[in-house]
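This report introduces one protein model to a reader who meets it here for the first time. Please keep the sequence and the three-dimensional view at hand while reading.

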Amino acid sequence: PRCGNPLQGSPSLTRSRHSRHLSACAAALARFHRGDSDDIGDIGDIGDVAVAAEQLRVARRELGRITGHVGAEEILDVIFRDFCVGK
């Protein structure tokens, strides 16, 4: 049996982790759209740009966790968490 055309319609998220990551991505994009700074407070235009960039970075990271894209940040996290560096 054919699974259908993946380019038509909405893909189903069969894994709960995919759904969690997509929800986290959507939340980060919503915060970006609203201009939320969470607990950072009012820090002016430069801070607003930094906060907006952080929300986009979070959204990209969450999508990368679905697609399998691993960035340098994740690799460094594993290295420092799992290996004895500098001891």
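The text below moves from the overall make-up to the helices, the salt bridges and the surface.

## Overall make-up

The model is predicted. It contains three helices and zero strands, and the order of elements from the N terminus is α-α-α. The protein has 87 residues, of which 16% are buried. Its accessible surface amounts to about 7,100 Å², and carbon and sulfur atoms account for 58% of that surface.

Contacts between parts of the chain that are remote in sequence can also be described. Among the contacts with a separation of 6 or more, 58% join residues that are 24 or more positions apart. A pair that is remote in sequence can be given by name: Ser23 and Glu62 are separated by 39 residues along the sequence, while their C-alpha atoms are 8.8 Å apart. Ser23 belongs to helix 1 and, with a relative accessibility of 45%, is partly exposed. Glu62, in contrast, is buried at a relative accessible area of 7%.

## Helix 1

Helix 1 comprises residues 16-34. Its 19 residues, at 1.5 Å a residue, should span 27 Å, and the distance between its end C-alpha atoms is 27 Å, so expectation and model agree.

Which residues of helix 1 are buried? They are His18, His21, Cys25 and Ala28. These residues lie on the same side of helix 1, because they cover an arc of only 95° around the axis. The other side of the helix carries the exposed residues Ser16, Arg20, His33 and Arg34. After helix 1 comes Gly35, which has a positive phi, near 80°.

## Helix 2 and its salt bridges

Helix 2 runs over residues 44-67. How many salt bridges does a search of the whole structure find? The search finds three salt bridges, and they are set out in the table with the N to O distance of each.

| Salt bridge | Distance (N to O) |
|---|---|
| Arg57 – Glu54 | 2.7 Å |
| Arg61 – Glu62 | 3.4 Å |
| Glu62 – Arg65 | 3.5 Å |

Arg57 and Glu54 are both part of helix 2, where a distance of three residues places them about one turn of the helix apart. Arg57 is partly exposed, its relative accessible area being 26%. Glu54 is likewise partly exposed, with a value of 34%.

Arg61, Glu62 and Arg65 are linked in a network of salt bridges. Glu62 and Arg65 are separated by about one helical turn, because they stand three residues apart in helix 2. Are the members of this network buried or exposed? Arg61 counts as buried because its relative accessibility is 18%, below the limit of 20% that defines a buried residue. Glu62 is buried as well, at 7%. Arg65 is partly exposed, with a relative accessible area of 36%.

Arg61 also has contacts outside this network. When residues up to four places away in sequence are not counted, Arg61 touches Glu73 and Glu74. Arg61 itself is found in helix 2, whereas helix 3 covers residues 72-82.

## The nonpolar surface patch

Which residues form a nonpolar patch on the surface? The patch is made up of Val70, Ile75, Leu76, Val78, Ile79, Phe80 and Phe83. Together, these residues have about 650 Å² of accessible area. One of them, Phe83, lies in the segment after helix 3. Phe83 counts as exposed because its relative accessible area is 53%, and a residue is exposed when this value is over 50%.

## Summary

In brief, the predicted model holds three helices and zero strands. In helix 1, the buried residues share one side of the helix, and exposed residues occur on the other. Helix 2 contains the pair Arg57 and Glu54, which are joined by a salt bridge. A further salt-bridge network links Arg61, Glu62 and Arg65. On the surface, a nonpolar patch includes Phe83, which follows helix 3 in the sequence.

Notes: Residues numbered from 1 in each chain as written. Predicted model: local features only at pLDDT ≥ 70, side-chain atom pairs only at ≥ 80, totals over all residues. Heavy atoms only, no water. Helix = DSSP H or I, 4+ residues; strand = E, 2+ residues; numbered from the N terminus. Buried < 20%, exposed > 50% of the residue type's maximum accessible area, 1.4 Å probe, protein only. Contact = heavy atoms within 4.5 Å. Areas by Shrake-Rupley, 256 points an atom, 1.4 Å probe, with all protein chains shown as cover. Patch = residues over 30% accessible without salt bridge, like charges linked within 9 Å, V, L, I, M, F, W, Y side chains within 5 Å. Salt bridge = Lys/Arg side-chain N within 4 Å of Asp/Glu carboxyl O. Expected span 1.5 Å × (residues − 1). Arc of directions from axis to C-beta.
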